[in-house]
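This briefing is meant for someone meeting the structure for the first time. It starts with one residue and its surroundings, then turns to the strands and to a residue in a helix.

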Amino acid sequence: VEDLSGFTRRELLDRTVDALVATGRPVAEGTVGGRLDGACRRRTGDDVPVEVHLGAVEGAAGRRYLVVTLRDVSDLRRGEAARFEAEAKYASLVEGIPAITYIDPIDENQNSIYVSPQVAELLGIPPTGTQVCLLPVGYYTGDSCSPAPRRPAREVTYLNRWKAPVE
């Protein structure tokens, strides 16, 4: 905490955690084992974004003590802001191209990251729909491969336009 806040141990003794960390509610009201987002107040007057992790230990005579761990998330927040800015620039660039552009990279959870609105509009795909070309036929549990429960392909497969059945 001394490195993060700039305060010495002596300066922090007998002060509440809330004098050092702002979370929107008193830290002691948080759930043990839980996490709060907040800001650590620095000696210099600026704040550092932190994750506040709460724990508890039993002390002498059954007295319970709150254990507060702070994690500096400054780099994480800067990365999130940079990603948001890059995605906005990319979308602005691609959406300004007069030709139809279709790029559909996927994230680590196999979700579409970006679909050109020109393509979605052309095909009549609503904002809640996603263009895909794979149908699950099985799943692997680590020991065996089994048929996947699924709706009939004719109910979920469309040709060239949204809700245009494949005949």
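In this predicted model, Thr23 is in contact with Leu36, Asp37, Gly38 and Val52, once its neighbours within four places in sequence are left aside. Thr23 itself has its place in the loop between S1 and S2, and with a relative accessibility of 18% it counts as buried, because buried means under 20%.

**Around Thr23**

- Although Thr23 and Gly38 are 15 residues apart in sequence, their C-alpha atoms lie 4.2 Å apart in space, and Gly38 is also one of the residues that Thr23 contacts.
- The side chain of Thr23 reaches the backbone oxygen of Arg25, and the distance computed for this pair is 2.5 Å.
- Two other contacts of Thr23, Leu36 and Val52, also stand opposite each other, with Val52 belonging to S3.

**How the strands pair**

- Strand S1, which covers residues 21-22, runs antiparallel to strand S2, which covers residues 35-41, and 2 bridges join them.
- Within this pairing of S1 and S2, Ala22 stands opposite Ala39 in S2.
- S2 also pairs with strand S3, made up of residues 47-58, in the antiparallel sense and over 7 bridges.
- S2 and S3 form a hairpin in which 5 residues lie between the two strands, and Gly45 in the turn has a positive phi of about 100 degrees.

**Ser74 in helix H3**

- Ser74 is found in helix H3, which spans residues 74-95.
- Is Ser74 buried or exposed? Ser74 counts as buried, because its relative accessibility is 13% and the limit for buried is under 20%.
- Ser74 touches Val48 and Pro49, when residues up to four places away in sequence are not counted.
- Since strand S3 is given as residues 47-58, the contacts of Ser74 with Val48 and Pro49 link helix H3, where Ser74 is found, to that strand.

Key
Residues are numbered from 1 along each chain as its sequence is written. This is a predicted model: local features need pLDDT of at least 70, side-chain atom pairs count only at pLDDT 80 or more; totals for chains, interfaces and linings use all residues. Side-chain values use heavy atoms; hydrogens and water are left out. Two strands pair if DSSP finds at least two bridges between them. Helices (H or I, at least four residues) and strands (E, at least two) are DSSP runs, numbered from the N terminus. Buried means under 20% relative accessible area, exposed over 50%, partly exposed in between (1.4 Å probe, protein chains only). Contact means heavy atoms within 4.5 Å. A polar contact is a pair of N or O atoms within 3.5 Å; within protein, one must be able to donate a hydrogen and the other to accept it, and residues adjacent in sequence count only if both atoms are side-chain atoms.
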